[in-house]
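Dear colleague,

Please find the structure that I am handing over to you below. I would be grateful if you would read it together with the notes that come after it.

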Amino acid sequence: MQLEKYKIQQHNDDLLKGHERRLSYITSEIQNAEAIIQKVVDFQIAIPSWALGTGGTRFGRFSGGGEPRTLEEKIEDVGLLHSLNQSSGAISLHIPWDIPQDAKAIKALAAQHGLKFDAVNSNTFQDQPDQALTYKLGWLQNVNKAIRKQAIEHNIEVIKQGIELGSESLTVWLSDGSCFPGQLNFRKAYQNTLESLQEIYAALPDNWKLFLEYKAFEPNFYSTTVGDWGQSYSYVQKLGNKAYTLVDLGHHLPNANIEQIVALLLMEGKLGGFHFNDSKYGDDDLTAGSIKPYQLFLIFNELVEGMDARGMNHATDLGWMIDASHNVKDPLEDLLQSVEGIMMSYAQALSVDRKALEEAQNNNDVVRAQEILQNAFRTDVRALVAEARLRAGGALNPLELYRSQKVRENLIAERGLKTVATGL
Ligand code: LRH
Ligand code: MN
């Protein structure tokens, strides 16, 4: 389903008066409002191809209907999101869940929807029907050299797929680890993993990046071979300057200080990108900013400070991706909410008075420093984010337009109630 431009225009015309009132207030309050709006316009977040259907848990999955049946329909759905918020201009594929049968045609279809291909993701946390050797007890760490070789070849195949699509990065998440003490020799598992990653790294084109995603636990529940930022950092340091650490917000042990991890990885020049989501307990893959919005703001506060300190381009120098799973909400509505949550945290972080904050820190004025950050977090920047969408040709209120145009009902009418999308 595509949304005609005139319908977006009509929607904006109806909401313009209220929007302009809110915009004039916030631009009178924030001195760099214009710069913030422009940065938000340029900021694009990649949508995961594996999160366009209903997710589930081992206890059940409750389909919402109208799910995309093919990669073409997934590109259509991301295209619709992008037409609504003009901030979702890329799709991140997971292979083999979304193997393009005709890469040229898929690339052309994506371009029609204004979409690029962000990082491609390999998958050896599941066995494929035609696979010779099982990954049950791991892939790059596996004591069996033939299994490591099979996994390495899969990753090299994924790079080839990505090159055809115009992608420039590979995300490797290793589900490898152990469930019981004694099951694994940690040192050998590390060595096997490093040697395997070196073979994958050697297959990267010069302009590509490898993102090594860490995770504390699940599906292994005693150890994970790339279990935290320190382990990922130690691998990417050894691999070379095309290797970076990817931070999935849901992959930390309770109460981890993720914004400090981000600051240090950025300082070291080894922060590659993000999988944005939110969580209360484990890898819950909930809507970004829905559980811990202050943490998301603090992460963007460190990103703005650290990227400016290195003269980095906010829009292009890191991988901005969502990684979520939708058990109870319409996947497209959830993704619209996640993009909005991320954009608000970015805009709030851009509104921080950096000079005043540095002065307070240099004077050990704890209260003043805290007040500067909390003031920014308590600033309602929604009109700035909406203005950015308006200028980019998007909808002032994407969720409201999505609902008023009965998009899900139309998708169900077109695709049926029982369709199941590949993915989580
Ligand atoms: C692992 C993960 C990884 C993806 C998978 C779908 O939990 O975050 O990024 O490969 O989810
Ligand atoms: Mn992830």
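The notes below cover the conventions, one strand with its partners, and the ligand.

This is a predicted model, in which local features need pLDDT of at least 70 and side-chain atom pairs count only at pLDDT 80 or more, while totals for chains, interfaces and linings use all residues. Residues are numbered from 1 along each chain as its sequence is written, chains are lettered from A and ligands numbered from 1 in the order in which they are written, and side-chain values use heavy atoms, leaving out hydrogens and water.

Strand S10 (strands being DSSP runs of E, at least two residues, numbered from the N terminus) covers residues 209-213. Because 4 of its 5 residues are buried (under 20% relative accessible area, 1.4 Å probe, protein chains only), S10 is largely enclosed by the rest of the structure. Strand S8 (residues 169-173) runs parallel to S10, joined by 5 bridges; here tryptophan 173 stands opposite glutamate 213. Strand S12 (residues 243-248) is also parallel to S10, with 4 bridges, and threonine 245 of S12 is the bridge partner of leucine 212.

Trp173 and Glu213 are also among the residues surrounding ligand 1 (a heavy atom within 4 Å), as are His94, Lys215 and Asp248. Polar side-chain atoms of histidine 94 and glutamate 213 each lie 2.7 Å from an oxygen atom of ligand 1, and one of lysine 215 lies 2.9 Å from such an atom. Taken alone, ligand 1 exposes 300 Å², of which the protein buries 96% (Shrake-Rupley method, 1.4 Å probe).

With kind regards

Conventions. Buried < 20%, exposed > 50% of the residue type's maximum accessible area, 1.4 Å probe, protein only. Pairing = 2+ DSSP bridges. Polar contact = N/O pair within 3.5 Å; in protein donor to acceptor, adjacent residues only side chain to side chain.
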